[in-house]
Amino acid sequence: MGSSMRPGRPFVVTLLALFLLALVVWYVVLVAKAVLLFAGDILFGGPAPLPSDLRLSPIVLAVAGIVAIMWSFLTSGGLFGGSGWARVSAVLLALFALPMGYPTDLVIAALVVLLLFFPANVRAFFR
Amino acid sequence: MNRKTGFASIVWRAAAIVAFAVGLIPLSPTTALAMTRHAEAAAPAPASTSAANACASQPTLQPSALLSTFVTTTLPLIPAGTPAAPRLAPLLAPAASASVPPSQIPLELGQSIMAMRALPKIDLRWQATFLAPIGSGWLTLTLPDAVDGQGTLASTSWRVATSGGQTAVQVGDSPAGNLPSSGLATALRDAVVDLPCSVPDATVRRAGDVDLLEGRLAPGGGSDLLRQVTGLVVPGRPIGELSLAIDPSTKTWRALDLRLVWSVVDVNVLGHQITWGPTGRVSLAFGDATTQPAASSTPLEQLSPSAAQLALNWLAQTPALSRFAGPVGVAFSFLDARQLRAMLDQEPALRAAAATAWQRSGENSTEYQDAVQRYRDWERRAPLVGPFLRYVFRTGGGGS
C-alpha cells in the first residue's frame with residue numbers, strides 16, 4: 001500500500017522548476033520589449049510606407065514570447081507535479097531558452113538530463 | 001502639468017538629446033547662428049602624428065560646447081509650460097571635458113580616430129530608441145563644410161542640404177532657416193568621432209570580422225551631462241555604455257552604439273557585467289548602404305551558435321539526413337530565447353534601414369526594396385512563428 005504512494009518531490013526537481021519560473025520572467029521582459037517596439041512604431045514611425053507585415057513584426061515576436069511563457073510555465077508546473085513529459089521539455093528549454101551558446105548550453109542540458117533521469121528518488125517521483 | 005503634456009515633454013527632450021548625439025543641429029535660425037560661431041571657431045586641426053594623441057589633438061569644438069549651443073538655442077521651441085526650461089539657463093557654460101588621458105587610449109581607438117579624421121566624406125545612418133524607436137535617418141558629411149541629410153525624429157521629418165555656402169534646414173514641409181556652412185561638417189564629424197574619448201576603461205576584442213571596442217562612459221561624459229541638459233528629475237544614475245565596431249583593415253568605423261541605461265540590475269557575475277533597465281540608445285552605421293552592405297551591421301554582440309544550431313547544420317550538410325533538416329529546423333526554432341532577444345535588438349535597426357532607404361531613394365528604388373527584403377528574411381527566422389510566416393509568404397506570394 002505504501003509503495004503505491006508517490007514519494008515526496010526531490011529538492012533538485014523543485015529547484016529546476018523554480019529556474020523555469022525565472023525563465024518565464026525573462027520571457028515577460030522580452031514580450032514587453034516587443035510591445036514597446038510596436039508602440040514606438042505607431043507613435044514615431046514616420047512617413048515611410050513600410051509594408052503592413054513589417055509594421056506588425058514586433059507583435060509577431062510578442063506572440064512568440066507569449067507562447068514561450070506558456071510553454072515554460074506549463075513545464076515548470078509539470079515538474080512540480082511530476083509529469084514525465086515535463087522532464088523532456090526541461091531538457092529542451094535548457095538547450096534553447098537559456099542565454100548561452102555552445103558548448104555551455106550542451107553542458108547545461110547534460111546536467112539537466114543527469115539530474116532528472118538518473119537519481120533513484122527523482123525517477124521514483126516521475127514514475 | 002498634465003500627464004499628456006508631461007509625456008510629450010519627455011519625448012521632446014529625449015529627441016533633443018538624440019539629435020545632439022547624431023550631430024544634428026536643426027530647427028531654428030538662432031541655432032544656425034550659434035552653430036556658425038562654434039564652427040568658425042573650430043580651426044582646422046593639424047594632422048596628428050601619434051595614435052595615442054588622437055583624442056588629445058581634437059579640434060577646439062567639443063561635444064559639450066555643441067550640446068550647450070543646441071540646448072540654448074533650441075529650448076525656446078519647447079512648448080510653453082515646460083517647467084524644466086528655465087532651469088537650463090545656468091547650463092550655458094560648457095561642461096567639463098571628460099576625455100580620457102592619451103596614455104589610456106587603446107591603440108586601436110587612436111588609429112581609428114585618425115583614420116576617421118582622414119576621410120574626406122562620411123556617410124552615416126542613424127537610429128534612435130528611447131524605450132521605443134523614436135527616429136531614424138541618414139547624414140552625409142563632406143568635409144569641411146557640406147552637410148546633407150534627412151530623417152524623422154519624434155514623428156517630425158526634417159532635411160538639411162548644403163548649397164552655395166549655406167545649409168538649408170527644412171522641418172516638415174517648411175523651411176526653418178539657413179546655416180552658414182563654413183566648418184560645419186568638420187564640427188559635426190568631431191562631435192561624433194570624439195565620443196569614444198570619454199571611455200576610460202575601453203576593451204578591444206575581435207568579434208567576427210570587426211574589432212569591437214566596448215566600455216562605459218566616464219562619469220560626466222554621458223550620464224551626468226544628460227541629467228544637466230534635460231533638466232529632468234531622473235531617477236537613479238543612468239549608465240552610459242558605448243560599443244564601437246572598427247574595420248580592422250582600414251581602421252575606419254563601421255558602427256557605433258551609444259546606450260544610456262537606467263539600470264535596474266547592474267551586477268558583475270564571474271567577470272561578466274550584467275546591466276539591464278530602461279534604455280535610450282543611438283545607433284550609427286557608417287558607410288553607404290548601397291555600396292557597403294557590411295556597414296549595416298550593428299556593433300551588438302554576435303550570437304555564438306547554439307548546440308542545436310550546430311546539430312541542424314550538420315544534418316543539413318549530411319546527404320543521407322538532409323531531408324530531416326527542415327522539420328528539425330522548425331522544431332529548433334521553438335523556444336529560442338537567445339534568438340528572440342537578438343531579433344528584438346535588431347528590429348529597430350532593420351526597420352530604420354528600410355525607412356532611411358525610402359527617404360534617400362524613394363519607394364521604387366532598389367535600395368528600399370533590398371532593405372524590405374532584408375527585413376522579411378530576418379522576420380522569417382522569428383522563433384515559433386517564423387515557420388508560419390514562411391508558409392504564409394510562400395502561399396500568399398508576398399515577400400518573395
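The paragraphs below lead through a predicted model with two chains, A and B, beginning with chain A, moving on to chain B and ending where the two chains touch.

Chain A contains six helices and zero strands, and reading along its sequence therefore gives the pattern α-α-α-α-α-α. Of its 127 residues, 38% count as buried, and among the contacts in chain A between residues at least 6 apart in sequence, 68% join residues at least 24 apart.

A good place to start looking is helix 3 of chain A, which covers residues 57–81. At 1.5 Å a residue, its 25 residues should span 36 Å, and because the C-alpha atoms at its two ends are indeed 36 Å apart, the expected and computed values agree. Just after helix 3 of chain A comes Gly82(A), which takes a positive phi of about 85 degrees.

Further along the chain, helix 4 of chain A (residues 84–96) packs with helix 5 of chain A (residues 104–117). Two packed helices are described by the angle between their axes and the distance between the axes. For helix 4 and helix 5 of chain A, the angle is about 165 degrees and the axes are 8 Å apart. Since an angle over 145 degrees counts as roughly antiparallel, these two helices of chain A are therefore roughly antiparallel to each other, and helix 4 of chain A passes helix 5 of chain A in a right-handed crossing. The contact is made on one side by Arg87(A), Ala90(A), Val91(A), Ala94(A) and Leu95(A) of helix 4 of chain A, and on the other by residues of helix 5 of chain A, among them Asp105(A), Ile108(A), Val112(A) and Leu116(A). An α-helix has 3.6 residues a turn, so residues three or four places apart point the same way.

Chain B has 11 helices and 13 strands. Buried residues make up 46% of its 400 residues, and among contacts in chain B between residues at least 6 apart in sequence, 62% join residues at least 24 apart.

In chain B, 11 strands form an open sheet in the order 6-5-4-3-2-1-13-10-9-8-7, with antiparallel pairing. The edge strands are strand 6 and strand 7 (203–207) of chain B, each of which pairs on one side only, and the twist averages 15 degrees from one strand to the next.

One end of this order can be followed through two hairpins. Strand 4 (residues 156–163) of chain B pairs with strand 5 (residues 166–171) of chain B in the antiparallel sense over six bridges, and within this pairing Val160(B) stands opposite Val169(B). The two strands form a hairpin with two residues between them, and Gly164(B) in the turn has a positive phi of about 60 degrees. Strand 5 of chain B then pairs, again antiparallel and over six bridges, with strand 6 (residues 174–180) of chain B, where Ala168(B) stands opposite Asn178(B). Here too there is a hairpin with two residues between the strands, and Gly172(B) in its turn has a positive phi of about 65 degrees.

Strand 1 (residues 121–130) of chain B lies between strand 2 and strand 13 in the sheet order. Nine of its 10 residues are buried, so strand 1 of chain B is largely enclosed by the rest of the structure. To strand 2 of chain B it is joined by 10 bridges, the two strands running antiparallel, and Asp123(B) has Thr140(B) as its bridge partner. These two strands form a hairpin with one residue between them, in which Leu131(B) takes a positive phi near 70 degrees. With strand 13 of chain B, strand 1 of chain B pairs in the antiparallel sense over seven bridges, and there the bridge partner of Arg125(B) is Ala285(B).

Strand 13 (residues 279–286) of chain B is also joined by seven bridges to strand 10 (residues 253–261) of chain B, the two running antiparallel, and Arg259(B) is partnered by Arg281(B). Helix 4 (residues 107–118) of chain B lies across strand 7, strand 8 (210–216), strand 9 (239–246) and strand 10 of chain B, at about 110 degrees to strand 8 of chain B.

The contact between the chains takes 41 residues from chain B and 41 residues from chain A. On the side of chain B, the elements that give two or more residues are strand 2 (132–142), helix 7 (307–317), helix 9 (337–361) and helix 10 (366–379), and the largest share, 13 residues, comes from helix 9 of chain B.

Notes: Residues are numbered from 1 along each chain as its sequence is written. Chains are lettered from A and ligands numbered from 1 in the order in which they are written. This is a predicted model: local features need pLDDT of at least 70, side-chain atom pairs count only at pLDDT 80 or more; totals for chains, interfaces and linings use all residues. Helices (H or I, at least four residues) and strands (E, at least two) are DSSP runs, numbered from the N terminus. The expected span of a helix is 1.5 Å times one less than its number of residues. Two strands pair if DSSP finds at least two bridges between them. Axes are lines fitted to C-alpha atoms, for helices over the stretch in contact, and angles run from 0 to 180 degrees between N-to-C directions. Two residues are in contact if their C-beta atoms, placed from the backbone, lie within 7 Å. A residue is buried if 20 or more other C-beta atoms lie within 10 Å of its own, exposed if 12 or fewer, and partly exposed in between; C-beta atoms are placed from the backbone. Angles under 35 degrees count as roughly parallel, over 145 as roughly antiparallel, 65 to 115 as roughly perpendicular and the rest as oblique. A crossing is left-handed if the near helix is turned anticlockwise from the far one by less than a right angle, and right-handed if clockwise.
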